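Let's walk through this model together, beginning with its charged side chains and then moving on to its nonpolar cores. Have the viewer open and follow along.

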Amino acid sequence: METTGRLSLPLADWPTTDREAYAVACRRGDPFEEGGGAAGWRPATHTARIWAYGAWLSHLQRFGVDLDMEAAAERLTPERVREHVRTLRERCATYTVAGLLGHLLGFVLAVWPGRDWQWLSEAHRREQRFAEPVRNKAARIVPQEDLLRLGCDLMVQAEARSMPPPGSVGPTHPALEFRSGLLIALLAMRPLRRRNIVELAIGTTLRQTDEGWEIALPGAITKNHTPLVQSVPTVLVPPLEAYLTRYRPRLAEVHGRGPASTFPHPPGNALWLSRWGAPLTYGGARSLVEQHTRERFGHHVNCHLFRDCAATSLAEDNPEHVRIAADLLGHRSFATTARYYIAAGQRRALRRVQGTILAHRRGAGGTGRYAELPLESERS
């Protein structure tokens, strides 16, 4: 097998034994036989773990290992993995390295479940312990109320503009601005994962009931395989219905008049449409959300960060109801949500300490160059 300089070896170039072992792990079972360990993975999980295992194979190739001469599971040794992690650190952030090692572990546990991978699991835990995100997420958190206000402002601006003649939807069309505002407002109040909110479909995952509009996601399309049902907030029902009756039809009617690449993708029952009448893509949703948040807040807030913003706002404003965040975010247990409660508690404690210091300083009649310098509690 030819040695390459690629960071990750594509699945088609893997040794036959590796591809066959992975295919067996992907085989679905039936009521009388359990399926393979990878049968229940989401598409995104398959993609991430294929890439991580491909990166492992590419590393071995660069160090002269003949992949066809060694059994796949036998190639995985602590010494080689240690060297693999070292070379990854030269190219990637520690947070990324920990993620790749975790996906490699997930891959081998599913494909070769009968072997002892405890050493690899411990290596992953150690890497996670010292991993640090490159970006400071806390500094990018925006109050949930501000995100909702942004979405509502965009819809108000769109309604104030006159609607152009039918058949033309330019990049500044009111229907596009109203769609973007509704998407941001709904994401602020119901912070679904990007895939779930982008793929909302009228009549199925977004449906009208006797009690109002609701979002109903089957377990087959949620990350934790658990069905999720949430009502559309009452405040957003009028704009949702305005979008469905006035703005979305204007977007749908231009389908087929744009780039040829949009023609095979009719609007169907997709809730969100592009300027060409095709279903909005993941990239399109990401771009519009990041563009509008950057213009409002000076930095972009991506779709996933809306989840952190919602949980943080709930933990700070209503700590006694913080467990609701687990249901809001679709977490299987409160443990995943607990970090927001802990972080919010730390910030509240810091403000109380600063307030106490400030009171003592004022009571003592503090003087000097910095006596009047406001503390963080005074600025916030």
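This is a predicted model, and it holds 13 salt bridges. A good place to start is helix α4, which spans residues 78-91 and contains both R86 and E83. These two residues form a salt bridge whose closest N and O atoms are 2.5 Å apart. They sit three residues apart along the helix, about one turn. How accessible are the two partners? R86 has a relative accessible area of 38%, so R86 is partly exposed. E83 comes out at 25%, and therefore counts as partly exposed.

Next, look at the pair made by E199 and R195, another salt bridge, with 3.5 Å between the closest N and O atoms. E199 is partly exposed because its relative accessible area is 40%, and R195, at 30%, also falls in the partly exposed class.

A third pair to find is E214 with R207, whose side chains meet in a salt bridge at 2.7 Å, N to O. Is E214 buried or exposed? With a relative accessibility of 16%, E214 lies under the 20% cut-off, so E214 counts as buried. Its partner R207 is partly exposed, at 34%. Salt bridges can also share partners, and that is how E83, R86 and E90 are joined into one network.

Now turn from charges to the nonpolar side chains. In soluble globular proteins, nonpolar side chains tend to be buried together. Here, the largest nonpolar core has 48 residues, and the members touching the most others are I197, Y243 and W272. Which elements each supply at least two residues of this core? They are the helices α7 (144-160), α8 (174-189), α9 (194-198), α10 (237-252), α11 (282-297) and α12 (305-317), together with the strand β2 (212-217). Helix α8 gives the largest share, with 10 residues.

To get a feel for this core, center your view on Y243. Leaving aside residues up to four places away in sequence, Y243 touches F178, R179 and L182, then R248, P249 and L251, and finally L271, W272 and L273. W272 thus appears twice in the story: as a contact of Y243, and alongside Y243 among the core members that touch the most others.

One more stop remains. The model has a second, separate core, made up of 35 residues, and among them are Y53, A73, V85 and L120.

Methods: Residues are numbered from 1 along each chain as its sequence is written. This is a predicted model: local features need pLDDT of at least 70, side-chain atom pairs count only at pLDDT 80 or more; totals for chains, interfaces and linings use all residues. Side-chain values use heavy atoms; hydrogens and water are left out. A salt bridge is a side-chain nitrogen of Lys or Arg within 4 Å of a carboxyl oxygen of Asp or Glu. Helices (H or I, at least four residues) and strands (E, at least two) are DSSP runs, numbered from the N terminus. Buried means under 20% relative accessible area, exposed over 50%, partly exposed in between (1.4 Å probe, protein chains only). A nonpolar core is a set of buried Ala, Val, Leu, Ile, Met, Phe, Trp, Tyr and Cys residues joined through side-chain atoms within 4.5 Å. Contact means heavy atoms within 4.5 Å.
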